[in-house]
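Please look at the chain below together with its coordinates, and then follow the account from one helix to the metal site, the nonpolar cores and a few residues in loops.

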Amino acid sequence: MLGIDIGGTRTKWVQWSPEYGVLDHGELATPRDLRAVVELTVALIRDADVAAAGIAVPGCLSDDLRRIELLPNLPGPWADLPFADEVETRTGVPVRLVNDARAFATAELRMGAARGVDDALFVTIGTGIGGALALNGEVVRARGDAVGELGHMICRPDGTACGCGARGCLETVAGGWALVAQVRARGGRAETPEDVVRSTGQVERDVLDDAGRALGLVLSNVVAYTGVTTVVIGGGVAPAFAYLRPAVEAELVHRARLTGPVDLRLAHLGPTAGALGAAIITGADR
Ligand SMILES: [Zn+2]
């Protein structure tokens, strides 16, 4: 199986077999142009010589999982493109689309931080914020693979406009680029999310504290709603979680009489978890 994870900045791929595990992996810059993304996907599948491919994307999929309806961080007329059909026709390899956070969760549940856990919540903090829910040992994957949009839970109704069309989504407060934007709006000089995390300045600390509180609020609500007691944090900006953690834990402790203690864990599988999950999901379907 080949798993491809088309990220907002990097595209990761993994060749995986149920018998032998990860056989090969790599990554490239994600092109900024829709057609170039299609060409890269076709080239990766042709090079891999595999029976099937799973493609994880950071956006919304059509109900039948054949088209990408919306990619907030890679704008383009995606909804007009029969993505899965075109890639299948040109490569002769069956492909399926999955949401990248649900793919990440599948890998971490099967062989990572949540191995052996039945019920868990998963959060990816990168360019944006993704999420997923596992119940009874399975990642919940309903119509359009749409269960788990934690990044688009609204925590500030009058807040900043989000790529999804709403205002004040969690992603606009705690996503990687939102951290940078907020530091700049307060007079700071961050260029990347890493700059925000590395800085010891008060502006950066305040932005991270706000982001941690917003993340903790959303997580505590979802924990209360679903009853899960394990939360796995991953994604490209996961190293920033050390700085978000005190504020997140404070929010979770507020709710502990209702929810009980919550086990916050860092993801184990690193940046290729999404690609690995896409390959596992594709293998399970065959
Ligand atoms: Zn949103």
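In this model, which is predicted, helix H8 bends by about 30 degrees at Ala 247. The helix itself covers residues 241–254, which makes 14 residues, and the distance from its first C-alpha to its last is 19 Å, close to the 20 Å expected at 1.5 Å a residue. Ala 247, where the bend is placed, belongs to the buried residues of H8, together with Phe 241, Leu 244, Val 248, Glu 251 and Leu 252. These buried residues pack against two helices, H7 (202–226) and H9 (256–259), and against the strands S8 (120–125), S11 (230–234) and S12 (263–266).

Several of these elements return when one turns to the largest nonpolar core, which has 35 residues and in which Leu 121, Val 123, Ile 125, Leu 215 and Leu 219 touch the most other members. Two or more residues are given to this core by each of S8, strand S9 (129–135), H4, helix H5 (176–185), helix H6 (193–198), H7, S11 and H8, and the largest share, nine residues, is that of H7. Leu 121 offers a detailed view of the packing: once its neighbours within four places in sequence are left aside, Leu 121 is in contact with Ala 132, Leu 133, Leu 150, Leu 219, Val 222, Val 223, Val 228, Thr 230, Val 231 and Val 232. A second core, separate from this one, has 29 residues, among them Leu 2, Val 38, Ala 48 and Val 50.

What coordinates the zinc ion? Its donors are ND1 of His 152 and the SG atoms of Cys 162, Cys 164 and Cys 169, at 2.0 to 2.4 Å. The angles among the four donor atoms run from 102 to 121 degrees, and the site is tetrahedral; for comparison, the ideal angle for four tetrahedral donors is 109.5 degrees. Along the chain, the donors follow the spacing H-x9-C-x1-C-x4-C. His 152 and Cys 169 both lie in the loop between strand S10 (138–139) and helix H4 (171–174), so the pair ties together parts that are 17 residues apart in sequence. The surroundings of these two donors can be described separately: His 152 counts as partly exposed because its relative accessibility is 23%, whereas Cys 169, with a relative accessible area of 0%, is buried.

The loop between S10 and H4 also holds Glu 149, which is partly exposed, with a relative accessible area of 28%. With neighbours within four places in sequence left aside, Glu 149 is in contact with Asn 99 and Arg 102. Arg 102 is 47 residues from Glu 149 along the chain, and the C-alpha atoms of the two are separated by 9.7 Å.

Backbone geometry adds a further detail in that loop, where Asp 145 is found: the phi of Asp 145 is near 55 degrees, a positive value in a residue other than glycine. Asp 145 counts as buried because its relative accessibility is 2%. Leu 65 likewise has a positive phi although it is not glycine, with a value near 60 degrees, and this residue is found in the loop between strand S5 (60–61) and strand S6 (68–70). Is Leu 65 buried or exposed? At 18% relative accessibility, Leu 65 counts as buried, because the cut-off for that class is under 20% relative accessible area.

Notes
Residues are numbered from 1 along each chain as its sequence is written. This is a predicted model: local features need pLDDT of at least 70, side-chain atom pairs count only at pLDDT 80 or more; totals for chains, interfaces and linings use all residues. Side-chain values use heavy atoms; hydrogens and water are left out. Helices (H or I, at least four residues) and strands (E, at least two) are DSSP runs, numbered from the N terminus. The expected span of a helix is 1.5 Å times one less than its number of residues. The bend at a residue is the angle between axes fitted to the seven residues ending there and the seven starting there. Buried means under 20% relative accessible area, exposed over 50%, partly exposed in between (1.4 Å probe, protein chains only). Contact means heavy atoms within 4.5 Å. Donors are N, O and S atoms within 2.8 Å of the metal (3.2 Å for Na, K and Ca); water is not among the atoms, so sites may look incomplete. Four donors count as tetrahedral if all angles lie between 85 and 135 degrees; four count as square planar and six as octahedral if opposite donors are over 155 degrees apart and all others between 65 and 115; anything else is irregular. A nonpolar core is a set of buried Ala, Val, Leu, Ile, Met, Phe, Trp, Tyr and Cys residues joined through side-chain atoms within 4.5 Å.
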